[in-house]
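Here are a few short exercises to work through with the model open beside you. Try each task before reading its solution.

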Amino acid sequence: LKAKSDPKQYRYITLDNGLSAVLVSDPRERATTKEAGVALSVGVGSFSDPPEMQGLAHFLEHMILMGNKKYAGENELDEYLNSCGGFSNAYTECEFTMYYMTVLPEFLGGAMDRFANVFIEPLLRPDAFHREINAVDSEFKGALQSDAERTQQIFAARCSEGHPYGKFLWGNKQSLNGKGMSTKRAEALLRNFYENNYSADIMKLTVVSAESLDCLEDLVRSCFSGIKNIHLQKARGDQALSIAPQGS
């Protein structure tokens with residue numbers, strides 16, 4: 001349902017690989033030279049961090065953006081967006097990780113292809129490993145005086161034993177590559193986390209632009225169909241059923 005005064009057109013699609021997308025065509029975007037927007041949510045976050053490498057979901061958010069097989073340059077996505085009036089960013093929550101970008105509508109095709117390839121075959125390049133750990137560590141140190149972050153850590157310290165909220169969700173240099181862990185082991189955990197958690201069937205995509213819905217659907221199918229599907233949604237459903245109490 002939508003309001004009669006809403007001029008936008010909407011379409012919901014599911015790709016063959018299981019990725020779900022909402023397409024929004026807004027002709028006012030072109031008339032006012034506004035930006036097109038793309039956001040992709042991956043249904044995994046810091047609650048899934050392994051105990052031996054806490055903050056891994058946040059770290060992967062950094063590393064996955066550092067080049068891929070098709071666009072190998074570390075900053076190729078951002079450089080393209082910056083040249084086309086856009087930008088990108090990302091953040092990690094407890095149960096999902098969000099990636100998003102904006103760009104002028106006439107450059108949406110090139111931007112979307114670069115954005116999609118972030119998730120298709122990332123390089124997770126070893127030469128960026130320690131540099132991005134330092135970046136995560138710097139973010140953590142910058143948040144030390146934040147009341148919101150301090151409150152979160154109080155809750156984490158007081159939650160029930162074994163609850164995932166009790167983990168160190170942010171991550172820093174010590175939790176990501178400290179405590180005697182070898183760099184080789186940490187790199188393997190990073191790769192395994194991507195391979196075992198980034199699946200098209202737990203990804204949700206939204207695209208807003210001035211193009212027609214048919215044009216947007218063609219772009220999405222062309223760019224995002226290459227993301228692998230390891231059927232995590234079904235596995236999660238089966239797991240939930242296996243632990244549900246009788247009669248629920």
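**Exercise 1: a charge over a ring**

In this predicted model, Arg114 lies over the face of Tyr80, 4.0 Å from the ring centre. Find which lysine lies over the face of Tyr194.

Solution. Start at the ring of Tyr194 and look over its face: the residue there is Lys228, at 4.4 Å from the ring centre.

**Exercise 2: classify two ring pairs**

The structure holds ten aromatic pairs. Work out how the planes meet in the pair of Phe47 and Tyr165.

Solution. First take the distance: the ring centres are 6.2 Å apart, within the 6.5 Å cut-off. Next take the planes: they stand at 80°, over the limit of 60, so the pair is edge-to-face. Then place the residues: Phe47 is in the loop between strand E3 and helix H2, while Tyr165 is in the loop between helices H6 and H7, 118 residues apart.

Now repeat the steps for Tyr99 and Phe119. This pair is edge-to-face too, with 5.0 Å between centres and 75° between planes. Tyr99 belongs to strand E5 and Phe119 to helix H4, and both residues are buried.

**Exercise 3: read the sheet**

Which strands stand at the edges of the sheet?

Solution. Write down the order of this open, six-stranded sheet: E1-E2-E6-E3-E5-E4, with mixed pairing. Strands E1 and E4 each have a single partner strand, so they stand at the edges with one side lacking a neighbour in the sheet. Next, look inside the sheet: E3 and E5 run antiparallel, joined by seven bridges. Ala39 has Tyr100 in E5 as its bridge partner. Finally, add a helix: H2 packs on the sheet and touches E4 and E5.

Definitions and conventions: Residues are numbered from 1 along each chain as its sequence is written. This is a predicted model: local features need pLDDT of at least 70, side-chain atom pairs count only at pLDDT 80 or more; totals for chains, interfaces and linings use all residues. Side-chain values use heavy atoms; hydrogens and water are left out. Rings of Phe, Tyr and Trp (its six-membered ring) pair if their centres lie within 6.5 Å; planes under 30 degrees apart count as stacked, over 60 as edge-to-face and the rest as tilted. Helices (H or I, at least four residues) and strands (E, at least two) are DSSP runs, numbered from the N terminus. Buried means under 20% relative accessible area, exposed over 50%, partly exposed in between (1.4 Å probe, protein chains only). A charge sits over a ring if NZ of Lys or CZ of Arg is within 6 Å of the ring centre and within 35 degrees of the ring normal. Two strands pair if DSSP finds at least two bridges between them. Contact means heavy atoms within 4.5 Å. Axes are lines fitted to C-alpha atoms, for helices over the stretch in contact, and angles run from 0 to 180 degrees between N-to-C directions.
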